[in-house]
Amino acid sequence: KDTRVLYGSVLIDGKIHQHPTPTRMFWRPDKMICEYEIGDTLIREEKFIGSNDAAASIITSSRPIVLQFEGRSLLIRHSVSSTAKIKYELAANTILITEGGTVRSRPDPDGPERIGPIVYEGMTTALSCSKDFSKSIKVDKGERGERKYFFEVPCDPKGATISWAMNDDPQKALLERKTFPVNVPARKS
């Protein structure tokens with residue numbers, strides 16, 4: 001619950017609908033479907049998890065809208081600092097976040113509090129989209145060194161695919177996010 005990789009908002013007719021909640025959810029053996037009704041706009045999101053733990057969402061909208069996404073590197077309640085690094089790979093249309101930092105913990109309930117490396121130390125997250133977001137990407141640094149990012153993409157009945165993967169090796173993270181090709185056409189509902 002503390003990992004805020006990708007939170008979505010929707011821009012419709014100049015109005016931002018921040019982090020909408022689904023109107024309906026359907027669980028299937030191979031995916032989860034979320035439907036959002038915002039005024040007269042129906043948004044459908046199909047979420048998949050690949051065998052390598054890569055995730056993808058195919059998002060369609062009944063009419064043209066703009067999807068806004070924001071997220072950050074790992075920062076949990078007990079984080080002390082973050083040394084995460086972020087870069088945008090233009091050729092792959094991918095944000096790469098290499099995690100790093102320290103966290104407070106108490107390995108022995110009766111022992112002293114200790115500070116050690118975060119659980120994802122050195123791992124790389126790869127976030128991609130089927131739509132080019134190179135002109136809208138913004139990155140920032142938070143109070144404890146966490147890396148924040150924002151981007152937006154158009155969405156319509158043809159859809160947009162967002163994919164996520166994480167690996168110890170940045171190049172493998174880039175490859176794993178391709179488990180779901182970023183140009184997968186959305187299915188008709």
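## Terms and basis of the model

A residue is called buried when its relative accessible area is under 20%, exposed when that area is over 50%, and partly exposed in between, as computed with a 1.4 Å probe on protein chains only. The structure described here is a predicted model, in which local features need pLDDT of at least 70 and side-chain atom pairs count only at pLDDT 80 or more, while totals for chains, interfaces and linings use all residues. Residues are numbered from 1 along each chain as its sequence is written, and side-chain values use heavy atoms, with hydrogens and water left out.

## Cysteines

With a disulfide taken as a pair of cysteine sulfur atoms within 2.5 Å, the count for this model is zero. C34 takes part in no disulfide, and the nearest cysteine sulfur, which belongs to C155, is 14 Å away. C155 is likewise in no disulfide, its nearest cysteine sulfur being that of C129 at 8.8 Å.

As for their surroundings, C34 has a relative accessibility of 1% and therefore counts as buried. C155, at 2% relative accessibility, also counts as buried.

## A salt bridge between two loops

A salt bridge here requires a side-chain nitrogen of Lys or Arg within 4 Å of a carboxyl oxygen of Asp or Glu, and by this rule the model has nine salt bridges. One of them pairs R63 with D13, whose closest N and O atoms are 2.7 Å apart. This pair links distant parts of the chain, since R63 lies in the loop between β6 (55–61) and β7 (65–72), whereas D13 lies in the loop between β1 (7–12) and β2 (15–17), 50 residues apart; strands are DSSP runs of E with at least two residues, numbered from the N terminus.

The two partners fall into separate classes of accessibility: R63 is partly exposed at 23%, while D13 is exposed at 66%.

## A network of charged residues

Another salt bridge joins E37 to R24, with the closest N and O atoms 2.8 Å apart. It too connects distant parts of the chain, with E37 in strand β4 (residues 31–38) and R24 in strand β3 (residues 24–28), 13 residues apart. E37 has a relative accessible area of 46% and so counts as partly exposed, and R24 is partly exposed at 31%.

E46 forms a salt bridge with R44, in which the closest N and O atoms are 3.7 Å apart. Here E46 is buried, with a relative accessible area of 4%, and R44 counts as buried at 16%. Through salt bridges that share partners, R24, K31, E35, E37, R44 and E46 are joined into one network.

Terms used
Helix = DSSP H or I, 4+ residues; strand = E, 2+ residues; numbered from the N terminus.
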